[in-house]
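Please open the model in your viewer and keep the sequence beside it, since each stop on this tour begins with something to select. The text then says what is to be found there.

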Amino acid sequence: MKRIINTPDAPAPIGPYNQAVIMNDIMFISGTIAMDLQSKQLVKTTIKEETKMVMDYIGAILKAGDCGFENVVKATIFLNDMNNFVHVNEVYASYFDGDFPARATIQAARLPKDANVEISVEAILTK
């Protein structure tokens with residue numbers, strides 16, 4: 001059975017999707033960008049600060065699904081500029097204890113709301 005996950009601790013979807021869906025003990029988290037929770041406006045500061053915000057939001061969604069970063073098995077990172085790769089990696093790596101998930105990083109011509117970074121993850125729920 002499919003379970004929908006939405007938490008007020010991460011940006012609400014800006015389209016016809018949910019923050020996450022759990023199916024057969026796999027949690028699929030939608031692409032997350034650095035949006036302010038109150039104003040619902042995109043936050044554009046530094047790529048490191050934006051990545052931290054995105055990862056914090058992903059952490060909140062994982063928590064709402066009763067898991068954490070240790071459950072993440074796959075991540076996909078979309079960047080508007082591959083020159084930010086090293087900065088995003090620095091922040092991203094700090095959320096894991098060295099047991100990193102599989103990952104793809106892609107430069108996209110344009111991201112939702114003209115974001116600089118968007119990250120989606122998949123996690124396995126443990127019992």
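The tour begins with the whole chain, moves to a helix and a group of aromatic rings, and ends in three loops.

**The whole chain**

Keep in mind from the start that this is a predicted model. Colour the protein chain by secondary structure, and two helices and six strands should appear; followed from the N terminus, these elements run in the order β-β-β-α-β-α-β-β. The radius of gyration of the protein chain is 14 Å, close to the 14 Å that the globule rule gives for 127 residues, so the chain is as compact as a globular protein of that length. If you draw a box along the principal axes, the C-alpha atoms fill roughly 40 × 35 × 20 Å.

Now switch on the molecular surface. The accessible surface of the protein chain comes to about 7000 Å², and carbon and sulfur atoms make up 53% of that area. Of the 127 residues, 41% count as buried. Among the contacts in the protein chain with a separation of 6 or more, 68% are made by residues 24 or more positions apart.

**Helix α2 and what covers it**

Select residues 85–93, which form helix α2, and show the side chains of its buried residues, Val88, Val91 and Tyr92. These three lie on the same side of α2, because they cover an arc of only 100° around the axis. To see what lies against them, add α1 (47–64), β4 (72–79) and β5 (102–107), which are included in the cover over the buried residues of α2.

**The aromatic cluster**

From Tyr92, extend the selection to Phe69, Tyr95, Phe96 and Phe100, since these five residues together form one aromatic cluster. How many aromatic pairs does the count come to? The count comes to four aromatic pairs, and two of the pairings deserve a view of their own.

Centre first on Phe69 and Phe96, whose ring centres are 5.6 Å apart and whose planes meet at 80°, so that the pair is edge-to-face. This pair links distant parts of the chain, with Phe69 in the loop between α1 and β4 and Phe96 in the loop between α2 and β5, 27 residues apart. Phe69 counts as buried, at 14% relative accessibility, and Phe96 likewise counts as buried, at 9% relative accessibility.

Next, turn to Tyr92 and Phe96, where the ring centres are 5.0 Å apart and the planes stand at 50°, so the pair is tilted. Both Tyr92 and Phe96 are buried. Before leaving Tyr92, display the side chain of Arg103 as well: Arg103 lies over the face of Tyr92, at 4.8 Å from the ring centre.

**Thr7 and its contacts**

Move now to Thr7, in the loop between β1 (3–5) and β2 (20–23). Is this loop residue buried or exposed? Thr7 counts as buried, with a relative accessibility of 10%. Once neighbours within four places in sequence are left aside, Thr7 is in contact with Gln19, Ala60, Ile61 and Ala64, so select these four together with Thr7 and inspect them as a group. If you wish to add a distance label, join the C-alpha atoms of Thr7 and Gly68, which are 61 residues apart in sequence and 14 Å apart in space.

**Two aspartates with positive phi**

The last stops concern the backbone, where most residues other than glycine have a negative phi. Select Asp25, in the loop between β2 and β3 (26–32), and check its phi, which is positive at about 65° although the residue is not a glycine. Asp25 counts as partly exposed, at 32% relative accessibility.

Finish at Asp66, in the loop between α1 and β4, where phi is near 65°, again a positive value in a residue other than glycine. Asp66 is exposed, with a relative accessible area of 62%. The loop between α1 and β4 is also where Phe69 is found, and from there you can return to the aromatic cluster that includes Phe69.

Technical notes. Residues are numbered from 1 along each chain as its sequence is written. This is a predicted model: local features need pLDDT of at least 70, side-chain atom pairs count only at pLDDT 80 or more; totals for chains, interfaces and linings use all residues. Side-chain values use heavy atoms; hydrogens and water are left out. Buried means under 20% relative accessible area, exposed over 50%, partly exposed in between (1.4 Å probe, protein chains only). Helices (H or I, at least four residues) and strands (E, at least two) are DSSP runs, numbered from the N terminus. The arc is that of the directions from the helix axis to the C-beta atoms. Contact means heavy atoms within 4.5 Å. Rings of Phe, Tyr and Trp (its six-membered ring) pair if their centres lie within 6.5 Å; planes under 30 degrees apart count as stacked, over 60 as edge-to-face and the rest as tilted. A charge sits over a ring if NZ of Lys or CZ of Arg is within 6 Å of the ring centre and within 35 degrees of the ring normal. The radius of gyration is taken over C-alpha atoms; the globule rule is 2.2 Å times the number of residues to the power 0.38. Accessible areas come from the Shrake-Rupley method with a 1.4 Å probe; for residues, only the protein chains shown count as cover.
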